[in-house]
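Visitor: I would like a close look at one part of this protein, with its surroundings explained as we go. Could you pick a good place to start and walk me through it?

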Amino acid sequence: VGIGEAANFAAYAFAPATLVTPLGALSVLISAILSAHFLNERLNIHGKIGCMLSILGSTVMVIHSPKEEEVTSLHDLEIKLRDPAFISFAVIVLVVCLVLIVAVAPKKGQTNILIYISICSVIGVFSVSSVKGLGIAIKELSEQKPVYKNPLVFILLATLILSVSTQINYLNKALDTFNASLVTPIYYVFFTSMVVMCSAILFKEWYSMNAADVIGTLSGFFTIVNGIFLLHRRKGMHVSFKSCSNTRLYVHLRKTDVFMSWEKITVSIFRLPS
């Protein structure tokens, strides 16, 4: 896990966040395949279709993702962090997060699955932005640039520690309270949506994309989302092509009974006394 997170951390330094974050869905795909091979977990038709959809969506996103990086240095990042559009977005995100933590979570966190997940997803925009900045800092440090003299590096590090700690806390609460097969796909959708929105505002990655690439990226993302939900739907269900065929045949044979029952119900209703 540590090696994987380090590789994911490094990816932000060399690729757009719009591409890196959604591709995290591949970890769910690989986990499903390896669990079927090593842990003898059953991968039914839903899981297999989910795997194919995840691969298809990832491929489409890679083809249509931003081709050029908009932020290549800490100086560029500092300029973009001062953009009024991002400052407004960050203030709104921070206010929403504080309201959810202080006012909403203590009352409805144990009954509504979206509360804890929303906190993790909203605060995730700061963690991804910080990781992106620190990745660029490490890249510049490897080029022997004195990045340790830049106060922005320490601000990004502090923001990363605080945001990741908050995410871990509320994600654990969500997993302790609700079913993991529901928490994981919903969290992926919420978190990725917030990160893509933040990337569009902060890094302006979408400005260099034409209409076809935007539609392709969104289509790939929604395809991955469908694949993730199907992968998690497979848990506890034993569905195969054979069982689906049997189900269709059963429904076909029962059509007459359903219509007969509806006819009897209709007759009974009209015979009710006034």
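Guide: Let's start with a side-chain pair: Gln-110 and Thr-177 are joined through their side chains by a polar contact of 3.5 Å. Please keep in mind that this is a predicted model. Gln-110 has a second partner of this kind, since its side chain also makes a polar contact with the side chain of Tyr-116, at 3.1 Å. Where does Gln-110 sit? Its place is in the loop between helix H6, residues 84-108, and helix H7, residues 113-142.

Is Gln-110 buried or exposed? Its relative accessible area is 52%, and the cut-off for exposed is over 50%, so Gln-110 counts as exposed. Setting aside neighbours within four places in sequence, Gln-110 is in contact with Tyr-116, Thr-177 and Phe-178. Lys-173 can be placed relative to this loop as well: Gln-110 and Lys-173 are 63 residues apart in sequence, while their C-alpha atoms are 8.7 Å apart in space.

It helps to see the whole chain around this spot. The protein chain contains 11 helices and zero strands, so that reading along the sequence gives an α-α-α-α-α-α-α-α-α-α-α pattern. There are 274 residues in the protein chain, and buried ones make up 41% of them. Of the contacts between residues at least 6 apart in sequence, 83% join residues that are at least 24 apart. The accessible surface of the chain comes to about 16000 Å², and carbon and sulfur atoms account for 69% of that.

Now let's follow Thr-177 back into its helix. Helix H8 covers residues 151-177, and Gln-167 has its place there. Here is another glutamine with a polar side-chain contact: Gln-167 and Tyr-187 are joined through their side chains at 3.0 Å. Is Gln-167 buried or exposed? Its relative accessibility is 8%, and buried means under 20%, so Gln-167 counts as buried. Not counting residues up to four places away in sequence, Gln-167 touches Cys-120, Ile-123, Gly-124, Ser-127, Tyr-187 and Phe-191.

Leu-152 is also in helix H8. With a relative accessible area of 10%, Leu-152 is buried. Beyond its neighbours within four places in sequence, Leu-152 is in contact with Leu-74, Leu-77, Glu-78 and Leu-81. For one of these, Glu-78, the separation from Leu-152 is 74 residues in sequence and 7.6 Å in space, C-alpha to C-alpha.

Between H7 and H8 there is another loop to visit, and Gln-144 has its place in it. At 75% relative accessibility, Gln-144 counts as exposed. Its backbone deserves a look too: phi of Gln-144 is near 65°, a positive value in a residue other than glycine.

Next, back to H6, the helix before the loop where we began. How do H6 and helix H9, residues 180-202, pack? Their axes are 9 Å apart, and the angle is about 150°. Angles over 145 degrees count as roughly antiparallel, and H6 and H9 are therefore roughly antiparallel to each other. The H6 side of this contact is made by Ala-85, Phe-86, Phe-89 and Val-93, and the H9 side by Met-194, Met-197, Cys-198, Ile-201 and Leu-202. By residue type, the contact of H6 with H9 has nine nonpolar residues, no polar ones and no charged ones.

One of the H9 residues in that contact, Leu-202, is worth a stop. Leu-202 has 0% relative accessibility and counts as buried. Leaving out residues up to four places away in sequence, Leu-202 touches Lys-80, Leu-81, Phe-86 and Ser-129. Leu-202 and Phe-86 are 116 residues apart in sequence, yet their C-alpha atoms are 5.7 Å apart in space. Leu-81 ties two of our stops together, as it is among the contacts of Leu-202 and also among those of Leu-152.

Our last stop is Trp-206, in the loop between H9 and helix H10, residues 211-233. Is this loop residue buried or exposed? Trp-206 is buried, with a relative accessible area of 15%. Its contacts, not counting residues up to four places away in sequence, are Thr-18, Val-196, Ala-200, Val-214, Thr-217 and Leu-218. The C-alpha atoms of Trp-206 and Thr-217 are separated by 10.0 Å, with their positions 11 residues apart along the chain.

Notes: Residues numbered from 1 in each chain as written. Predicted model: local features only at pLDDT ≥ 70, side-chain atom pairs only at ≥ 80, totals over all residues. Heavy atoms only, no water. Helix = DSSP H or I, 4+ residues; strand = E, 2+ residues; numbered from the N terminus. Buried < 20%, exposed > 50% of the residue type's maximum accessible area, 1.4 Å probe, protein only. Contact = heavy atoms within 4.5 Å. Areas by Shrake-Rupley, 256 points an atom, 1.4 Å probe, with all protein chains shown as cover. Polar contact = N/O pair within 3.5 Å; in protein donor to acceptor, adjacent residues only side chain to side chain. Axes fitted to C-alpha atoms, helices over the stretch in contact; angles between N-to-C directions. Parallel < 35°, antiparallel > 145°, perpendicular 65-115°, else oblique. Nonpolar A, V, L, I, M, F, W, Y, C, P; charged D, E, K, R; others polar.
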